[in-house]
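The following note is addressed to a colleague who is new to this structure. Its points may be read alongside the sequence and the coordinates.

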Amino acid sequence: MVKSLRLEDYGELRKNPRIRPGRPFRFKCIRCDVCCGTGPNVHLSVFDVVRMAHYLDVDVVTFLHVYTNLIIAAHIPHIGLAGDVNGRCVFLGFDGEGRTYCKIYPARPMKCRLYPGLPIAPGHEELELDTKCPGLEEAAEGEESSVPTGLYRQYVEEMRMHYRFIFEEVVNKGRDPVDALYGVLRKLAEELKSGRLPDWADLDRLEKMGYT
Ligand code: SF4
Ligand code: SF4
């Protein structure tokens with residue numbers, strides 16, 4: 001029988017260590033498949049969706065249908081990356097030597113760039129470190145990383161804009177949540193294609209911000 005999560009269990013889950021962006025911690029990615037292979041749990045902002053759809057050269061709504069799970073909770077749409085038949089991220093690949101790689105690496109979502117840093121809330125000054133990541137335990141002395149401060153700021157800004165856009169459409173204008181989401185995505189996709197590349201869509205700029 002599945003045990004319900006109680007408030008005290010949630011307290012246990014919150015015992016992950018916390019770090020500020022820029023603060024070094026012991027870590028080396030060993031390219032296992034724990035993070036990308038244990039379930040479709042990457043929450044996407046509208047900016048993530050438009051960047052990935054553009055990278056794959058597919059329409060934003062098609063991208064939503066094929067690669068994501070959409071949940072409407074309390075009238076607000078929440079977008080999560082879908083899993084394959086094995087429950088792994090749809091974009092997880094394995095090379096000839098069985099090592100993992102991301103098929104959409106240059107356009108991967110912000111939460112993948114921050115991992116094993118887990119944002120607590122947009123605006124919170126710290127992140128949690130996901131202790132399920134073996135790269136934290138297995139890193140040798142001197143193997144360090146940090147959550148880049150500029151990248152975290154960009155993530156926070158995008159999440160604020162994401163919710164502002166959705167709230168404006170759903171709460172203030174009373175639009176259907178799915179129609180509202182489609183509208184926001186199409187507007188951003190048009191912005192991306194019209195003339196100068198917006199900063200948020202510039203994948204080279206994003207890569208220069210670094211990753212954990
Ligand atoms: S970030 Fe951690 S969980 Fe993900 S592949 Fe690297 S070591 Fe494994
Ligand atoms: S998008 Fe790429 S980095 Fe992110 S979970 Fe999927 S395979 Fe991993």
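**Notes on the predicted model**

1. The model under discussion is predicted. Helix α8 covers residues 177-193, 17 residues in total. From its first C-alpha to its last, helix α8 reaches 25 Å, close to the 24 Å expected at 1.5 Å a residue.

2. Which residues of α8 are buried? They are Pro177, Ala180, Leu181, Tyr182, Val184, Leu185, Leu188, Ala189 and Leu192. An α-helix has 3.6 residues a turn, so residues three or four places apart point the same way.

3. The cover over these buried residues of α8 includes three helices, namely α3 (46-56), α4 (60-67) and α7 (149-172). It also includes the strands β4 (68-73) and β5 (76-81).

4. The loop between β4 and β5 deserves separate attention. Ala74 is placed in this loop, and its phi is near 50°, a positive value in a residue other than glycine. Ala74 counts as exposed because its relative accessibility is 68%, and the cut-off for that class is over 50%.

5. His75 lies in the loop between β4 and β5 as well. Although His75 is not a glycine, its phi is positive, at about 75°. With a relative accessible area of 59%, His75 is exposed.

6. Turning to the ligands, which residues surround ligand 1? The shell consists of Phe27, Cys29, Ile30, Arg31, Cys32, Val34, Cys35, Tyr115, Cys133, Pro134 and Gly135. Helices α2 (34-37) and α6 (134-138) each contribute at least two residues to this shell. By class, the shell holds nine nonpolar residues, one polar and one charged.

7. Ligand 2 has around it Cys36, Val42, Leu81, Cys89, Phe91, Leu92, Cys102, Ile104, Pro109 and Cys112. This shell divides into 10 nonpolar residues, with no polar and no charged ones.

8. Where do the two ligands sit? The space taken by ligand 1 is the largest pocket, and ligand 2 sits in the largest pocket.

9. A last point concerns the backbone beside the shell residue Tyr115, which is listed around ligand 1. The peptide bond from Tyr115 to Pro116 is cis, and its omega is near 10°. Pro116 has its place in the loop between α5 (110-114) and β8 (117-119).

Technical notes: Residues are numbered from 1 along each chain as its sequence is written. Chains are lettered from A and ligands numbered from 1 in the order in which they are written. This is a predicted model: local features need pLDDT of at least 70, side-chain atom pairs count only at pLDDT 80 or more; totals for chains, interfaces and linings use all residues. Side-chain values use heavy atoms; hydrogens and water are left out. A residue is near a molecule or strand if one of its heavy atoms lies within 4 Å of it. On a 1 Å grid over the protein atoms alone, a cavity is a set of points where a 1.4 Å probe fits but cannot get out, and a pocket is an open set with protein on both sides within 12 Å along at least five of seven lines; lining residues have an atom within 4 Å of a point. A molecule sits in a cavity or pocket if more than half of its atoms lie within 2 Å of its grid points. Helices (H or I, at least four residues) and strands (E, at least two) are DSSP runs, numbered from the N terminus. Ala, Val, Leu, Ile, Met, Phe, Trp, Tyr, Cys and Pro count as nonpolar, Asp, Glu, Lys and Arg as charged, and the others, Gly among them, as polar. The expected span of a helix is 1.5 Å times one less than its number of residues. Buried means under 20% relative accessible area, exposed over 50%, partly exposed in between (1.4 Å probe, protein chains only). Contact means heavy atoms within 4.5 Å.
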